[in-house]
Amino acid sequence: MRGVRLRAALAAVTALVVLGLSGCGDDSTDRPAADDGIGGQLTVFAAASLAESFTRIGQDFEAAHHGVKVIFNFAGSSALANQINEGAPADVFASAAPANMAAVIEAGDGDGEPVTFARNQLVIAVPGGNPDAVTGLGDLTRPGAKVALCAERVPCGAAARRALDLADVTLTPVTLEQDVKAALAKVRLGEVDAALVYRTDVRAAADDVDGIEFPESVGAVNEYPIVVLEDSGNLPTARAFVEYVRSDAGRSVLTAAGFQAP
Amino acid sequence: MALLLPAALGLLFLVLPLVGLLVRAPWSTLPQRLTEPAVLTALRLSMQTATLATLLCLALGVPLAWLLARVRFPGRRVVRALVTVPLVLPPVVGGVALLLVFGRRGLVGSWLDATFGITLPFTTTAVVLAEAFVAMPFLIIAVEGALRGADTRYEEAAATLGAGRWTTFTHVTLPLVAPGVAAGAVLCWARALGEFGATITFAGNYPGRTQTMPVAVYLALETDLEAAIVLSLILLTVSVVILASLRDRWTGG
Amino acid sequence: MSAAGPLLDAHLVVDRGSFRLDLPLTIDPGEVVALLGPNGAGKTTALRALAGLLPLSAGHLTLAGRELDHPDRRAWIPTEHRPIGVVFQEYLLFPHLNALDNVAFGPRRRGLDRQQARQRAADWLARMGLTEHARRKPRQLSGGQAQRVALARALAVEPALLLLDEPLAALDARTRLDTRAQLHQHLTAHPGATLLVTHDPLDALVLADRLVIIEDGHAVQAGPAATITAQPRTDYVARLVGLNLYRGRATGQRVRLTDGFGLTTGDRHDGEVFVAFPPSAVALHPRQPDGSPRNTWPATIAGVQRHGDNLRIQLSGPIEVAADVTPAAAAQLRLAPGQPVWAAVKAAETRAYPAA
């Protein structure tokens, strides 16, 4: 009994924070449009690596459906999964890894099966101009080389582990960062010589960093699943958004950002 | 009555989150979780770095507090304001600032790297520096307050007995303000123990080297809520014990 | 130390805002000088200047042949290098050290090792009769004990100049009596110069060989206690020693006071003089008395106070004067404020001495 109440309180606080951060809903868009049931406010929880592309897709979706307002909560996939399981009010969840999606599905929060809408591949991020002439994973084991990885609990860390195992490279990183953007930041600041991050992240930071492709990354590709959440108060709009992400229009935005087709 | 209700709400607001930790704690598996090597490693690292950071703060902060309390010099107000900046600065910003100064390409860091081949980020030293940066104001404020409250006539008495400035400071002033220094050191230590933002930014995260308890809590939160709760419980226990001892011993309950 | 001159030779000049201390001061070896004056007269300023806690604005300060402070010559020896010992008004014993370590603090700073310093401290505590209190912290000592520890601490460095700032002011009346007597012994035994700062005339009279009276930053009178008590030269000193004091111009035994009133005295002088007589020399009568006393005048009772076993009557009239009468006489005269009486002083009981 106490546990349930606490859960509810926690969910309420999370909701307040999310709404507060996303600038409290606009009244005029709160009411669903009459004809096809698509309209009102839509809350999308999406992995941090989707920030740039989903923001764009959200704008396009709003343009295509008059009266829709899309609100995003970008964070690490595992944190988002935790929030959803704690009762945070979300309509759609887009994860950077199947494992975090599975946590949500297992808790019974999904409306139907998740579908993979994109794939992302690891690259070696190095400072612009590649001063150390890195060509592959083997170069990262040079004496004195400082490498940042994601923590293994985070999708990009798990992918890095798989890639290093495939390449049979033993690497001691100087730090295990809490998410992919933090790992990339260490490269941009010049504090590390390289980091294993997603190709999309390097592309978003192309001014400061170069991405070095390496063959083993093929075996460590991350799949991005998306699902409509059962507790959504706006199911038609949520389903329409997922369809839009998977449409040619959505896919072209994702491809431009560096994602691969599923 | 008009004040009682908001007061009670305020108390509830402060206490409820702690109750939440206790309610959600995985009591049945607690003993084995507490003795996990990863937990013990993070705890030991936290204790060690907080202690080293406190020693660093004592070595640098007590003289600075003395300067602020006892020496009149132009710009003293500005110096005092600067000293308290880390109190209001978001720790993450502190971490970024530390990177920009002590990082490999930082103002001091690049010189350290070129001259001695020393790089600070991602080392335990970086953890100590980050903790000292955010915790030192607590020590300085406590010690300066104690120095201002201390009777300077004892220092004059020491001078008439042949004690120079340094001897007077070590043999008379410091013992007189010892309770203030101790209270400041404990606050400093507690703040250092809880330091997260500057640490993860400046020192990164690597088990046994830079992964302190709060960093471990944050990372555990991403995947394993129960582990995060256990780690938080440990930090909470340590903080409560410290504060309780502080109240009893130095503020007279 | 030269036998020829005084141990302390100073002219203390300190400017503090509108206040100026200007005090020549010499003290011989073994001599105890009391600096006596009302609050705000500059006593503490003088003591702090001697201790080096306050620099001189002008003048000079030489102790045992060594120049400690001489602004004109830019000479300055800081406090910790001056051969001085100070007993502070509130003693200022270090609260974190026991009595022994408080006393050993000075010797230790002046080069003795820990063992020697403790030995010397123990000797001094023994001399003060405090051996069994050596391990006590200051807060565990009584007022009188703390005073003696403070004295031992100041003397343990064998100072050329011992400074005492109101050393008995913090004690209750009973303890003060005992402590004063002991302090007298120790000051007598001290071979160096001693300066005692006090506003209590009794302390000054009992403890000092010579008094320097200071008012508003200046010495107004100096000399042995007997001279000063017999011949006060300011109202402050007159009040301290309990005399009626007037200034006037003498022609033989007749003195015309500044406000025109005339008094006949027992001494013959010509020129500016002080006239002094004790309140006990004043007799009160309900009517103008006949016969012998030549100094009689009508007065009005302004106030009545207890004074020891007697009553002290304040009179207004041609001159302000205090008179002591027995309670029996007062009852007989039915003295009450506002009542007119006749005052009479025998010429033989008044003293006149040159003002210049």
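Leaving aside the residues within four places of it in sequence, A:V92 is in contact with A:V44, A:I226, A:V228, A:L229, A:A238, A:F241 and A:V242. The model in which these contacts are found is a predicted one, and A:V92 offers a convenient way into it. In the largest nonpolar core, which holds 227 residues, A:V92 is among the four residues that touch the most other members, the others being A:A125, A:A195 and A:V197. Helix α7 of chain B, residues 124-149, gives this core its largest share, with 18 residues. Another core lies apart from it and has 26 residues, among them C:V255, C:A323, C:V341 and C:A352.

**Chain A**

Chain A has 262 residues, of which 47% are buried, and its secondary structure comes to nine helices and 10 strands. Of the contacts in chain A with a separation of 6 or more, 77% are between residues 24 or more positions apart.

Three of the contacts of A:V92, namely A:A238, A:F241 and A:V242, are also found among the buried residues of helix α8 of chain A, which are A:T237, A:A238, A:A240, A:F241, A:V242 and A:V245. This helix covers residues 235-246, and its 12 residues reach 17 Å from the first C-alpha to the last, close to the 16 Å expected at 1.5 Å a residue.

Strand β5 of chain A, residues 122-127, is mostly covered, since five of its six residues are buried. This strand is joined by four bridges to strand β8 of chain A, residues 194-198, and the two run antiparallel; within that pairing, A:A125 has A:A195 as its bridge partner. Both A:A125 and A:A195 have already been met as residues of the largest nonpolar core. Strand β5 of chain A is also joined by four bridges to strand β9 of chain A, residues 209-212, again in an antiparallel arrangement, and here A:I124 stands opposite A:I212.

**Chain B**

Chain B is built from 12 helices and zero strands, so that its elements, read from the N terminus on, run α-α-α-α-α-α-α-α-α-α-α-α. Its C-alpha atoms fill a box of roughly 65 × 65 × 35 Å along the principal axes. Buried residues account for 44% of its 253 residues, and among contacts in chain B between residues at least 6 apart in sequence, 73% join residues at least 24 apart.

**Where the chains meet**

Two pairs of chains touch, and the pair with the most contacts is that of chains A and B. The two contacting sides are set out below by their residues.

| Pair of chains | Residues on each side | Elements that each supply at least two residues |
|---|---|---|
| A and B | 17 residues from chain A, 19 residues from chain B | α1 (2-21), α3 (77-85) and β7 (175-177) of chain A, for the side of chain A |
| C and B | 16 residues of chain C, 14 residues of chain B | β7 (84-87) and α2 (99-109) of chain C, for the side of chain C |

By class, the side of chain A that touches chain B has seven nonpolar, six polar and four charged residues, while the side of chain C that touches chain B has nine nonpolar, four polar and three charged residues. Chains A and C are joined by no contact, and their closest C-alpha atoms lie 49 Å apart.

**Chain C**

For chain C, an unreviewed UniProt entry lists residues 5-241 as "domain: ABC transporter". The span from 5 to 241 is 35% helix and 27% strand, and its end C-alpha atoms lie 31 Å apart.

Helix α4 of chain C, residues 143-155, has 13 residues and reaches 18 Å from its first C-alpha to its last, close to the 18 Å expected at 1.5 Å a residue. Why is α4 of chain C described as largely enclosed by the rest of the structure? The reason is that 10 of its 13 residues are buried, and these are C:A146, C:Q147, C:R148, C:V149, C:A150, C:L151, C:A152, C:R153, C:A154 and C:L155. They pack against β7, α2, α3 (114-127), β8 (161-165) and α5 (173-189) of chain C. Of these partners, β7 and α2 of chain C each also supply at least two residues of the side of chain C that touches chain B.

Conventions. Residues numbered from 1 in each chain as written. Chains lettered and ligands numbered in written order. Predicted model: local features only at pLDDT ≥ 70, side-chain atom pairs only at ≥ 80, totals over all residues. Buried ≥ 20, exposed ≤ 12 C-beta atoms within 10 Å, placed from the backbone. Contact = placed C-beta atoms within 7 Å. UniProt positions renumbered as here; feature names shortened; annotations may be inferred. Expected span 1.5 Å × (residues − 1). Nonpolar A, V, L, I, M, F, W, Y, C, P; charged D, E, K, R; others polar. Core = buried A, V, L, I, M, F, W, Y, C linked by C-beta atoms within 7 Å. Pairing = 2+ DSSP bridges.
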